[in-house]
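Trainee: Please take me closely through a single topic, the salt bridges, and then set that topic within the whole. I am new to this structure, so I would welcome each term being explained as it arises.

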Amino acid sequence: MAGSETPTRSAPAGRTRNLVLATSASVAGFWAWNSVATLGAFYTVNLQLTPAATGVLVAMPVFVGSLGRIVVGALTDKYGGRAMFTFVLLASILPILLVAVGGLLSSFALVLGAGLLLGVAGTVFAVGIPFVSAWYEPSRRGFATGVFGAGMGGTALAAFLNPRLVAGIGYLPTHLLIAAILAVMAALVWFLMKEAPGWTRNNLPVLPKLLDAAKTPVTWKMCFLYAVVFGGFVSFATYLPTYLRDVYSFDPSGAGARTAGFALAAVLARPLGGVLADKFGPKPIVITSLTGVAVLAWVVNLQPDGEVPAGLTFVAMAAALGLGTGGVFAWVGVLAPAGKVGSISGVVSAAGGLGGYFPPLIMGATYDAATHSYSIGLTLLVVTALAALAFTIFAVPGRARTVKASAAA
């Protein structure tokens with residue numbers, strides 16, 4: 001697996017192509033995964049939902065996608081990235097079509113159930129981390145996982161394009177287009193993608209591998225940190241359109257455009273976090289990220305007035321979260337033992353997804369309609385970020401540079 005390759009001076013042939021393919025597959029998967037959340041305002045109106053019901057609806061794909069990453073990550077160790085990318089992309093097509101049917105029939109139950117199945121699209125992340133890690137030497141895995149992680153830009157595409165596509169070409173054609181993109185991307189992966197030269201199949205049964213990953217101390221430390229930084233990104237990306245509607249009275253297109261800007265800032269910051277972690281070590285990068293998240297969550301809670309102050313606050317929050325996601329997974333890529341990158345990545349990325357599942361539920365349940373305030377939910381984010389900051393400083397060993405830790409990878 002990733003840790004079994006021997007770093008060489010020359011890059012393996014096809015390394016860049018496979019990184020681009022993996023990142024593109026991630027973009028398509030994240031686009032589909034976030035499709036329900038980006039049309040939350042549409043479902044709220046057409047299905048006559050309360051804020052709490054909307055929170056459940058937009059969080060459902062996140063919940064299933066998060067748990068599914070545990071199994072998919074372990075299966076990637078066994079079957080490889082090419083097969084698992086293809087499977088995840090194809091398996092996402094039927095749910096996206098069922099979501100479309102549920103919306104047309106104004107059936108909350110069908111959209112909710114289809115959203116549950118659509119969670120499979122979110123497991124794409126657990127495929128890519130072990131796949132791209134196998135292509136790169138330990139000293140550059142922060143870069144590789146950071147670039148692949150930029151595939152979460154699919155959430156930005158979904159936020160920006162989905163409301164506009166629904167307004168321009170219609171609700172059903174929008175979902176047919178997403179299904180077609182998934183199919184085309186699956187074909188490209190199947191015919192063009194290859195496993196890394198040093199990759200070897202891990203044929204151990206899935207359950208023992210997961211139990212073994214669970215016994216590895218680094219797994220649970222990274223789970224907690226990733227639940228905060230990636231969970232924060234997911235929760236904002238899924239609930240921000242609703243938040244901007246309730247607090248700042250934006251229409252769906254306006255809220256979608258601003259959510260896309262938020263997601264884009266996080267996407268651009270993630271590879272930077274990985275590169276900086278390669279250079280300075282992950283610990284200072286994660287500390288910087290969590291400090292920024294705590295401060296900016298407090299500022300968001302103040303509801304800064306005006307387009308520029310509010311916009312800059314959300315962009316800075318996105319950048320802090322993106323920096324943290326790159327830093328945490330650079331840590332995973334370096335510290336995960338040989339042959340366990342997929343299973344550990346699956347568990348850690350599942351924790352990140354679950355970290356993004358609960359906040360939308362809390363935000364919907366604690367929304368104060370009289371004052372248009374989400375104060376309770378944002379205060380909890382401040383407290384959580386501070387707890388994670390203290391944990392990082394005092395409970396997680398630091399390393400001056402990740403390249404020195406390559407022997408542990």
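Mentor: A salt bridge is counted where a side-chain nitrogen of Lys or Arg is within 4 Å of a carboxyl oxygen of Asp or Glu. Two remarks on the source come before the details. The model is predicted, so local features need pLDDT of at least 70 and side-chain atom pairs count only at pLDDT 80 or more, while totals for chains, interfaces and linings use all residues. Residues are numbered from 1 along each chain as its sequence is written, and side-chain values use heavy atoms, with hydrogens and water left out.

A search of the whole structure yields 3 salt bridges. In one of them, R245 and D246 meet through their side chains, with 3.0 Å from N to O. To describe how covered such residues are, I call a residue buried under 20% relative accessible area, exposed over 50%, and partly exposed in between, with a 1.4 Å probe and protein chains only. R245 is partly exposed because its relative accessible area is 25%, whereas D246, at 11%, is buried.

Another salt bridge joins E137 to R15, and the closest N and O atoms are 3.1 Å apart. E137 belongs to the loop between helix 8 (124-135) and helix 9 (141-149), and R15 to helix 1 (residues 15-33), so this pair ties together parts that lie 122 residues apart in sequence. Helices here are DSSP runs of H or I with at least four residues, strands are runs of E with at least two, and both are numbered from the N terminus. Both partners of this bridge fall in the buried class: E137 has a relative accessible area of 15%, and R15 has 9%.

A further salt bridge is formed by the side chains of E307 and R258, at 2.9 Å from N to O. This pair also links distant parts of the chain, since E307 is in helix 16 (residues 307-335) and R258 in helix 14 (residues 252-280), 49 residues apart. E307 is partly exposed, at 48% relative accessible area, and R258 is likewise partly exposed, at 33%.

These pairs can now be set against the charges of the whole protein. There are 23 positive and 11 negative side chains, and the centres of the two sets lie 13 Å apart. In this count Lys and Arg are positive, Asp and Glu are negative, and His and the chain ends are left out. Each charge is placed at NZ of Lys, CZ of Arg, CG of Asp or CD of Glu.

The surrounding fold consists of 18 helices and 0 strands. Its C-alpha trace spans about 60 × 45 × 35 Å along the principal axes. The radius of gyration, taken over C-alpha atoms and compared with a globule rule of 2.2 Å times the number of residues to the power 0.38, is 20 Å; a compact globule of 409 residues would have a value near 22 Å, so the two agree. Of the 409 residues, 58% are buried.

Contacts, meaning heavy atoms within 4.5 Å, also reach across the sequence. Among contacts with a separation of 6 or more, 87% are between residues 24 or more positions apart. Helix 5 (residues 81-91) gives an example of packing: its buried residues are G81, M84, F85, T86, V88 and L89. They pack against several elements, including helix 1, helix 8 and helix 9, and helix 1 is the element that holds R15 of the salt bridge with E137.

Two individual residues add to this picture. V58, in helix 4 (residues 51-79), is buried, with a relative accessible area of 2%. Leaving aside residues up to four places away in sequence, V58 touches V36, A37, G40, T238, Y239 and P360. S289, in helix 15 (residues 282-301), counts as buried at 0% relative accessibility. With that exclusion, S289 touches V229, A320, L321, L323 and G324.

Finally, the loop between helix 15 and helix 16 contains Q303. Q303 has a positive phi of about 55 degrees although it is not a glycine, and at 30% relative accessibility Q303 counts as partly exposed.
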